[in-house]
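Good morning, colleagues. Today's topic is the salt bridges of one structure, and I ask you to keep the display in view while I speak.

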Amino acid sequence: MSEMTNLFKVQDVIYRTEVFENFNEIKKKTIESDDIFANFETEPYRPQGAFKLKFKSYDETVFLENYGNPFVEVHMKRKTLVIEENENKIALKFYSYNNYRDVSKKFFRTRREISYLTFNIKRKTFYSGELRLKKKVKISSKMSIHKTDLRNLSIYNNLMYFYMTSKDGDSIRLRDEVITTFLNRVAERTGTKFDTELDNNDKFYQLYLKFSGIKYPDAFSKFKSFYTPKKEIKENGNNLVTWFMNKNNLKGTKIRELLNKYNNIDLNGIITFYRLFDQDLFNNINIESFLSEKYNNYYSDYCPTFENVSKKEKENIVKILNTSNSETVLNSLWDHLQYKESLIKYGEYIKITATNYDDYVKEHSEWSTLVQSYRSGVVTRFYGEDSYLIEKPITHNGETYYPVLLKTTEQYEGESMVQSNCVRTYSEKPYCFIVSLRNGSVTGDNRASIEFRYGVDGLKVVQKLGKYNKGLSEEWLSPIHELEGFANYLYSKNMIKLPEMSKRFPNGKTIKCFAEFKEDGKIKNMFPVWSNDNSLLENEPDYNLFEDLP
C-alpha cells in the first residue's frame with residue numbers, strides 16, 4: 001500500500017505545570033473545649049501528604065525546565081488533526097496524546113486515543129471508530145460501517161472541542177471546516193455532486209444513500225437519525241420512502257407526499273394518527289397540520305394505539321387539526337388521547353366533543369386538570385391579599401405587557417400547553433412562583449414564562465423563557481427587568497408573601513401548608529420549604545429548565 005498524502009494537518013499542544021513547595025506548612029488554629037486535653041492546635045482539612053502550591057504555568061519553557069522535578073506536577077496534552085489519502089482511501093483522523101506525572105511520583109502516565117472516519121474508495125464505504133492505548137498496549141477499540149448520522153460518530157464529538165489559535169489570538173473551532181474539507185474530497189474523488197444548501201450531516205447521509213444505490217426523496221434528511229438497513233431497503237425496490245411505508249403499513253398518495261416533500265414532520269405522530277383513522281379519513285387532514293417550524297422527526301418502532309375512540313370522535317379530531325394554526329397540536333392531541341385512556345381507567349367516560357381548535361384548547365385544559373386531580377390533587381396557591389398588584393400592566397415602546405401570577409392547577413396546565421414546556425410541574429414548589437408575561441393581551445399566546453425564586457435576600461428571576469424554552473428577544477428584557485424590580489418592592493413591603501397552598505384530592509381530602517425559611521441550628525435555609533412533613537409535597541429545589549413536553 002502506498003504512503004498517505006497529507007491534505008490537512010493542525011496540531012495543538014497544551015502544557016500545564018504546577019510547582020509546589022518542598023515542605024508542607026501546618027496552619028494552626030485553636031479549638032476551645034472544657035476538656036484541657038482537647039485544647040490542641042490543628043489546621044483546616046487538607047489531604048494527608050499534600051504540598052502547598054506555589055504557582056501554575058501554561059508555558060512550554062517552564063514545563064521543560066521542571067520536567068524532572070519531583071516537586072512539580074506536569075501535564076502535556078497534544079491534539080493532532082489530519083486529513084490524508086492514497087489511491088485506496090481518504091481518512092480523517094484525530095489523535096490525542098496525554099502524558100502527565102503527579103507531584104512526588106516517579107513515573108509518567110501515558111494515554112493515547114485515535115478516532116477516525118475513513119472512506120474506502122473501491123468499496124465506496126465509510127468506516128468509523130476509535131482506538132484507546134495505554135502506552136503501547138491497546139485498552140479498547142471499536143469500528144462501525146454504514147453509519148448514517150454523523151453526529152453519532154466519536155470523531156465528530158471529539159472535534160467539537162478542537163480549537164486552533166489564530167494569528168490574532170482568537171480561538172477558532174475547526175470541526176465544520178475540517179469535515180467539509182473531508183466530505184468535499186470524497187465527493188471529488190468519486191465524481192459525486194451534493195444537493196444545494198446541505199449541512200455536513202446531510203452531505204454525509206446523502207453520500208451513504210448515493211453509494212448504496214438507494215432512491216431517496218428531496219426531503220431525505222429526516223431518515224438519517226435512525227437505522228436504515230440496506231438489505232431491507234433493497235427488498236423494497238431500493239426506495240427509501242417505499243421501505244418506510246411498507247415497514248409501518250402506510251398506504252396512499254397523501255402520506256407518500258408528506259414523506260417525499262417535507263423534513264419538518266413528526267414521523268411518530270403521522271404513524272399514530274394514520275393507524276387511528278382509516279385511510280380516507282386521514283386523507284382529509286390538511287398537510288399543514290403535520291408540519292412544524294422546527295424538525296420534530298423523532299421516530300421509534302413503537303407507536304401507541306388508542307382504543308375507545310369512536311368514529312364521531314375521530315371526525316372531530318380531523319376538524320380540530322384542520323382549524324388549528326398551532327404547530328404543537330399533533331403532540332397535544334397525542335396527550336389528549338392519553339388523557340382519555342387514563343380517565344376511562346378512573347371511571348370518567350368522557351368524549352372528544354370539540355370540533356374546532358379553540359374549543360379543543362378548553363377541553364384539553366379541563367381534561368388535563370381532571371387527570372391531574374386523580375394523580376396529585378387540585379392545587380390553589382395564595383401569596384397574600386395584595387399579591388394581585390404584581391399583575392399591573394407594563395408599557396414599553398408602545399407595547400403593553402400583562403403579568404399573570406399563576407395560582408391554580410388550571411393556570412399552570414394552561415401555561416404549559418401554550419408554551420410547550422413543563423411549567424405545570426412547578427405548581428407545588430414552595431421556593432418559587434411563576435408569572436406569565438403576555439404581550440398585547442392578558443389572554444395572548446405571545447408570552448414569556450418567568451420563574452421568581454425566593455431567597456433570604458429577596459426575589460430573583462432564575463428563568464425567563466419563551467415557547468419551546470427558547471430564549472427571548474431583546475424587546476422582552478426591559479419589561480421583565482421592570483417586573484423583577486416591582487416584584488422585589490412588593491416582597492420587601494410584605495405585599496407578596498411566601499406561598500400558602502391547599503391541595504384537594506378526589507376523595508374529598510384537602511391538605512393545607514405554608515412555606516417558610518426553616519432554621520437548622522443557627523443556619524437559615526437558602527430557600528423556603530413547606531412547613532408540613534408530608535411526602536405528597538415537593539420541597540426540594542429543581543434547578544432544571546422548564547423541560548419540553550413529552
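I begin with a pair of charged residues: Lys224 and Asp202 are both buried, where buried means under 20% relative accessible area, exposed over 50%, and partly exposed in between, with a 1.4 Å probe and protein chains only. Please note that this is a predicted model, in which local features need pLDDT of at least 70 and side-chain atom pairs count only at pLDDT 80 or more, while totals for chains, interfaces and linings use all residues. Residues are numbered from 1 along each chain as its sequence is written, and side-chain values use heavy atoms, with hydrogens and water left out.

The side chains of Lys224 and Asp202 form a salt bridge at 2.8 Å, N to O; the term denotes a side-chain nitrogen of Lys or Arg within 4 Å of a carboxyl oxygen of Asp or Glu.

How many salt bridges does a search of the whole structure find? The number is 18.

A further one joins the side chains of Lys340 and Glu313, at 3.0 Å from N to O. Lys340 belongs to helix H11 (residues 329-345) and Glu313 to helix H10 (residues 311-322), so this pair ties together parts 27 residues apart in sequence. Helices here are DSSP runs of H or I with at least four residues, strands are runs of E with at least two, and both are numbered from the N terminus. Both Lys340 and Glu313 are buried.

Glu130 and Arg132 also meet through their side chains in a salt bridge, at 2.8 Å, N to O. Glu130 is buried, at 10% relative accessible area, whereas Arg132 is partly exposed, at 34%.

Finally, a network of salt bridges links Glu85, Arg185, Glu188 and Arg189.
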